[in-house]
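Please open the structure in your viewer, with the sequence panel beside it, and follow the stops below in order. At each stop you will find what to select and what to look for there.

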Amino acid sequence: MNHKLTVYNSMTREKEIFTPIHEGFVGMYVCGPTVYNDVHLGNCRTFVSFDVIFRYLKHLGFKVRYLRNITDVGHLLDDGEDRMLKGAKADQMEPMEVAQKYTLGFHQIMQIFNTLPPSIEPRATGHIPEQIEMVETIIKNGYGYEVNGSVYFDTLAFAERTGEYGKLSGRVIDELMAESRTLKNQDEKKHPSDFAIWMKAAPEHIMKWNSPWSVGFPGWHLECSAMSTKYLGQQFDIHGGGNDLKFPHHENEIAQNVGSCGCQPARYWLHTNMLLLNSKKMSKSDGNTISPTELFTGESVHMTKPYSPMAVKFFMLQCHYRSTLDLTDEALQAAEKGYKRLMEALRKLKKLEAPQTAGAMDAEINSLVEGIYEDMNDDFSTPKALGTIFELVTKINILSDNGTEGQISAEVLNRLKTTLIAIIGDVFGLLDEGEGDNQGTALNGLMSLILDLRQAARTNKDWPTSDKIRDGLASLKIQVKDGKDGSSWSFQ
RNA sequence: GGUCUCGUGGCCGAGCGGCUAGGCAGAGGUCUGCAAAACCUUCCACAGCGGUUCGAAUCCGCUCGAGACCUCCA
């Protein structure tokens, strides 16, 4: 198969053919969470998106090194620091305990969404020497200056000498100057758009390290530059993150990389768009927010019922990663049903028997299967791919009802099975939550016994018994489905 | 105020100049002891007003509306 993968590069604002630096290998860096709080559902969308990208690249045969960092220092500043101190005092916790707690919580949610762990998950606090080293190089190259034990990145010098500052976010330095008037604590900086790469710690600051300049801590953007360089090299293929990180985070990251090694860190910048709740940005202050757990339990004023992790994931995949996605109760209900329909079809597909004859539907099915790859190759368009997959779902249902003989050749059926199982399972990472067959032999044996008894009752037209079994199971959230060839069951 | 996105049928959401997206809901049908489920078929659209073009949801302009970013932010 000829796969011509294109990706939308935020840097050039164009779709480009994806060509890795080293053939067959992909280095990908994605900005991970700051672990001072429960993971935000919007975070989950970003990481689910990049998980699919990671999985698809692997599916295409690339050897991928996927880095996603844990920010456990740097962002715990300013008003965040106050909350941390308060929280730490109340719970009698060390900052690292707080970081550990929320890192574990984050991993748990990521696992519930069935995302793969990254190849490397480095922590900012574990890379202080690398960050100090980078600050030294930046100073040596003339892009950094020290004031009172803090070191700032000289954006003006950088912009003048390289012309690179503001390229990603489409900003120019004059505007930055104009808009920075209202900001406080600018007195140490030469230029308002300069940013700290090393901060001298105030005495009450908890997390601090020795450095050539002061006892302090690294600046907000430095960890990503230092860690991506360490594990992926000075230049790598993909850098990802949420749309809201473009400025200042990614802009400053680029400045640091170019300022220390003279080269752009990433060839392709990929940014995911925001997740909205009821058409508005999620915000804790006005109550417009929902956590993954609240979504799974249904304990939220925004939802009428709980939604399973896979239904939520399916909902996310129905939208392109570069579009805003509006989370509403109604939309989730629709997604949940769509997800169930897809899983049902996948189950049917697995049971289809290989036919002896050539098939009338071969050409159509082949072109749809090929279409899935075209969709995914178009900047990882999961919504388009799902559209194509649902066209195949109809075909599968027809094959399942009418038999495969004469409709599809063994070769095409095999290709259909292999591709769909791979795309839905391995690439999308969608698990079948409703499948009754994989719950263990005791349960299966029990259920088939119960359904046999009910079938006997039905054959004798003993409707009260038959209905009692059906209704009793329903109250246990087990749904009995009467079909042409007997009954089956699944969890609701 | 500056920068930038986006407005598609009842809801969500693809589409990037000509060809059915898809999901959910609705309608009709199949199956069925009843019901549910499932399956098949199908209706409904491009915010408004101009312009470019043989042809526009798709390009350009304006109007209205929504949202994001502007050193906490996925």
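Begin by selecting helix 11, residues 329–351, and then show what lies over its buried residues: the cover includes helix 9 (292–297), helix 10 (309–317), strand 13, helix 13 (382–402), helix 14 (410–427) and strand 15 (486–491). This is a predicted model, and that should be kept in mind at every stop. The buried residues of helix 11 can be coloured as a set, namely Asp 329, Leu 332, Ala 335, Glu 336, Gly 338, Tyr 339, Leu 342, Met 343, Ala 345, Leu 346, Arg 347 and Leu 349. If you place a distance between the C-alpha atoms at the two ends of helix 11, you should read 34 Å, which agrees with the 33 Å that its 23 residues should span at 1.5 Å a residue.

From helix 11, step back in sequence to strand 13 (325–327), which is one edge of an open sheet, the other edge being strand 12 (280–281), since each of these strands pairs on one side only. The sheet has three strands in the order 12-11-13, and its pairing is mixed. Within this sheet, strand 11 (residues 275–277) runs antiparallel to strand 12 and is joined to strand 12 by two bridges; select Leu 276 and you will find Lys 281 of strand 12 as its bridge partner.

Next, select the four strands of another open sheet, whose order is 5-6-7-8 and whose pairing is antiparallel. Which strands form its edges? They are strand 5 (144–147) and strand 8 (216–218), each of which pairs on one side only. As you turn the view along this sheet, note that neighbouring strands are turned by 20° against each other on average, with direction ignored.

Zoom in on the pairing of strand 5 with strand 6, which run antiparallel and are joined by four bridges. Gly 144 is found opposite Phe 153 of strand 6. The two strands form a hairpin with two residues between them, and in the turn Asn 148 has a positive phi of about 50°. Towards the other edge, strand 7 (residues 195–200) pairs with strand 8 in the antiparallel sense over three bridges, and here Lys 200 stands opposite Gly 216 of strand 8.

Now add helix 4 (residues 128–140), which packs on this sheet and touches strand 5, strand 6 (150–153), strand 7 and strand 8, its direction making about 120° with that of strand 7. Helix 8 (residues 246–261) can be added as well, since it lies across strand 6 and strand 7 and runs at about 80° to strand 7.

Keep helix 4 selected and colour its buried residues, which are Ile 128, Gln 131, Ile 132, Met 134, Val 135 and Ile 138. Viewed down the axis of helix 4, these buried residues fall within an arc of 160°, so they line one face of the helix. On the other side of helix 4 you will find Pro 129, Glu 133 and Lys 140, which are exposed. What covers the buried residues of helix 4 includes the four strands 5, 6, 7 and 8, together with helix 7 (222–232) and helix 8. After helix 4 comes Gly 142, whose phi is positive, near 85°.

Move next to Tyr 56, which sits in helix 1 (residues 41–59). Is this residue buried or exposed? Tyr 56 is buried, with a relative accessible area of 0%. Leaving aside residues up to four places away in sequence, Tyr 56 touches Leu 5, Tyr 373, Met 376, Asn 377, Phe 380 and Val 427. Select Phe 428 too: although 372 residues separate Tyr 56 and Phe 428 in sequence, their C-alpha atoms are 8.2 Å apart in space.

Then select Thr 6, which belongs to strand 1 (residues 6–9). Thr 6 counts as buried because its relative accessibility is 19%, where the cut-off is under 20%. Among the residues that Thr 6 touches are Lys 15, Phe 18, Asn 377 and Asp 379.

Finish by colouring chain A by pLDDT, for which the mean is 87, with 91% of the residues reaching 70 or more. Over residues 178–185 the pLDDT is below 50, and this stretch has two contacts in the model beyond near neighbours in sequence. Where pLDDT is low, the predicted coordinates should not be read in detail. The scores of the model are ipTM 0.92 and pTM 0.92.

Definitions and conventions. Residues are numbered from 1 along each chain as its sequence is written. Chains are lettered from A and ligands numbered from 1 in the order in which they are written. This is a predicted model: local features need pLDDT of at least 70, side-chain atom pairs count only at pLDDT 80 or more; totals for chains, interfaces and linings use all residues. Side-chain values use heavy atoms; hydrogens and water are left out. Two strands pair if DSSP finds at least two bridges between them. Axes are lines fitted to C-alpha atoms, for helices over the stretch in contact, and angles run from 0 to 180 degrees between N-to-C directions. Contact means heavy atoms within 4.5 Å. Buried means under 20% relative accessible area, exposed over 50%, partly exposed in between (1.4 Å probe, protein chains only). The arc is that of the directions from the helix axis to the C-beta atoms. The expected span of a helix is 1.5 Å times one less than its number of residues. pLDDT is the predictor's confidence in each residue, from 0 to 100.
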